[in-house]
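Visitor: I'd like to go through this one by asking how each label was earned. Could you walk me through it?

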Amino acid sequence: MTQSSNPSAVPQFSQLTIQGEDAEKFLQGQLTCDVTKLGLSYQAAAIGNLKGRIEFGIWIKKQAEKHYDVVISADCAESLQAHLNKYGAFSKFETSAPAAIYPCVLASEPTFSHKDDHNTVADTQAWMACSIATGNYWIVATTQGQFQPQELRLHQRGGMDYDKGCYLGQEVIARIYFKSAPKAFLHYVQGTGEAPAAGDKLDKIQVVNAMKNDDGFTALVVARPEQLAESGLSILDLPAALQVDVARPK
């Protein structure tokens with residue numbers, strides 16, 4: 001499957017394996033999620049930058065003891081590998097070269113597969129539609145460093161842990177969670193016309209991901225509710241867990 005010139009059309013993904021004596025400890029100091037709680041299912045998570053924004057949006061699972069599989073948008077894979085090599089220079093683990101992995105939908109859930117049978121445009125489009133409908137955003141090179149995790153509701157998907165200790169960007173992320181709340185946050189919408197690309201702005205509304213359909217396009221966007229009310233976009237329902245307030249529960 002070839003990459004389209006439209007980055008919102010056919011996303012491609014890579015997997016890196018991270019394994020070794022210090023793998024868990026190193027990842028715990030990098031990721032927004034609690035690495036000690038990972039299992040065999042992919043967990044959405046992120047590696048932030050010092051401004052508390054998502055530099056790498058990933059999915060991670062614990063494949064075996066001291067062995068983790070990380071999936072990331074293919075256009076971010078080399079920069080992630082460079083990041084891991086830089087910050088892990090004095091830690092005992094090895095990182096594999098990026099290898100292709102294919103988005104697909106299994107048991108009504110967006111996931112990934114190594115099987116060539118899933119390396120089809122139909123599987124990718126099904127994954128995109130399911131991901132957009134369920135808030136399973138994907139960060140690409142053009143959107144690195146643009147979004148704060150709470151804006152994308154990552155904390156409502158189990159991808160944030162506020163008690164596990166320090167990681168990159170943790171001070172900023174925790175401050176927003178405990179002392180304020182994002183005014184703009186993730187919504188699922190329907191629009192007319194051509195599908196915008198990831199990172200595009202529709203006036204003041206920022207596109208995270210989008211795909212074309214028969215009625216125009218569906219998208220995940222970050223916006224203030226009042227901006228959406230004035231936009232002409234139709235707001236669709238995300239899963240119940242992602243419909244609640246993005247602010248910390250009182």
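Guide: What follows sets computed values against the definitions behind them.

Guide: This is a predicted model, where local features need pLDDT of at least 70 and side-chain atom pairs count only at pLDDT 80 or more, while totals for chains, interfaces and linings use all residues. Residues are numbered from 1 along each chain as its sequence is written, and side-chain values use heavy atoms, with hydrogens and water left out.

Visitor: What makes strand 7 largely enclosed by the rest of the structure?

Guide: Strand 7 covers residues 109-113, and 4 of the 5 are buried, so the rest of the structure largely encloses it. Buried means under 20% relative accessible area, exposed means over 50%, and partly exposed is in between (1.4 Å probe, protein chains only). Phe-112 has 8% relative accessibility, so it counts as buried. As for the numbering, helices (H or I, at least four residues) and strands (E, at least two) are DSSP runs, counted from the N terminus.

Visitor: How do you know that strand 6 and strand 7 are joined?

Guide: Two strands pair if DSSP finds at least two bridges between them. Here 5 bridges join strand 6 (residues 99-106) to strand 7, and the two run antiparallel, so they pass that test. Leu-106 has Glu-109 of strand 7 as its bridge partner. The hairpin has 2 residues between the strands, and Ala-107 takes a positive phi near 55° there.

Visitor: Why are Tyr-42 and Phe-112 called edge-to-face?

Guide: Rings of Phe, Tyr and Trp (its six-membered ring) pair if their centres lie within 6.5 Å; planes under 30 degrees apart count as stacked, over 60 as edge-to-face and the rest as tilted. A search of the whole structure finds 12 aromatic pairs. For Tyr-42 and Phe-112 the centres are 5.6 Å apart and the planes make 80°, so the pair is edge-to-face. It links distant parts of the chain: Tyr-42 is in the loop between helix 1 (23-28) and strand 2, Phe-112 is in strand 7, and they are 70 residues apart. Ring pairs also link both of them with Phe-13, Trp-59, Trp-127 and Trp-138 into a cluster.

Visitor: What makes Glu-151 and Arg-53 a salt bridge?

Guide: A salt bridge is a side-chain nitrogen of Lys or Arg within 4 Å of a carboxyl oxygen of Asp or Glu. Glu-151 and Arg-53 come in at 3.9 Å, N to O, so they qualify. The pair links distant parts of the chain, 98 residues apart: Glu-151 is in the loop between helix 3 (121-134) and helix 4 (170-179), and Arg-53 is in the loop between strand 2 (43-48) and strand 3 (54-64). Glu-151 is buried, at 15% relative accessible area, whereas Arg-53 is partly exposed at 30%. The whole structure has 6 salt bridges.

Visitor: Which residue forms a salt bridge with Lys-212?

Guide: Glu-194 does, with the closest N and O atoms 3.8 Å apart. Lys-212 lies in strand 10 (residues 205-213) and Glu-194 in the loop between strand 8 (185-191) and strand 9 (201-202), so the pair ties together parts that are 18 residues apart in sequence. Lys-212 is partly exposed, at 45% relative accessible area, and Glu-194 is exposed, at 63%.

Visitor: What makes strand 9 and strand 12 edge strands?

Guide: Each pairs on one side only. They belong to an open sheet of 5 strands in the order 9-10-11-8-12, with antiparallel pairing. Strand 9 and strand 10 pair over 2 bridges, and Leu-202 stands opposite Ile-205 in strand 10. Helix 3 lies across strand 8, strand 10 and strand 11 (216-223), at about 140° to strand 10. Axes are lines fitted to C-alpha atoms, for helices over the stretch in contact (heavy atoms within 4.5 Å), and angles run from 0 to 180 degrees between N-to-C directions.

Visitor: Why is Gln-30 called buried?

Guide: Gln-30 has a relative accessible area of 5%, so it counts as buried. Its place is in the loop between helix 1 and strand 2. Beyond residues up to four places away in sequence, Gln-30 touches several residues, including Ala-46, Tyr-87, Tyr-167 and Leu-168.
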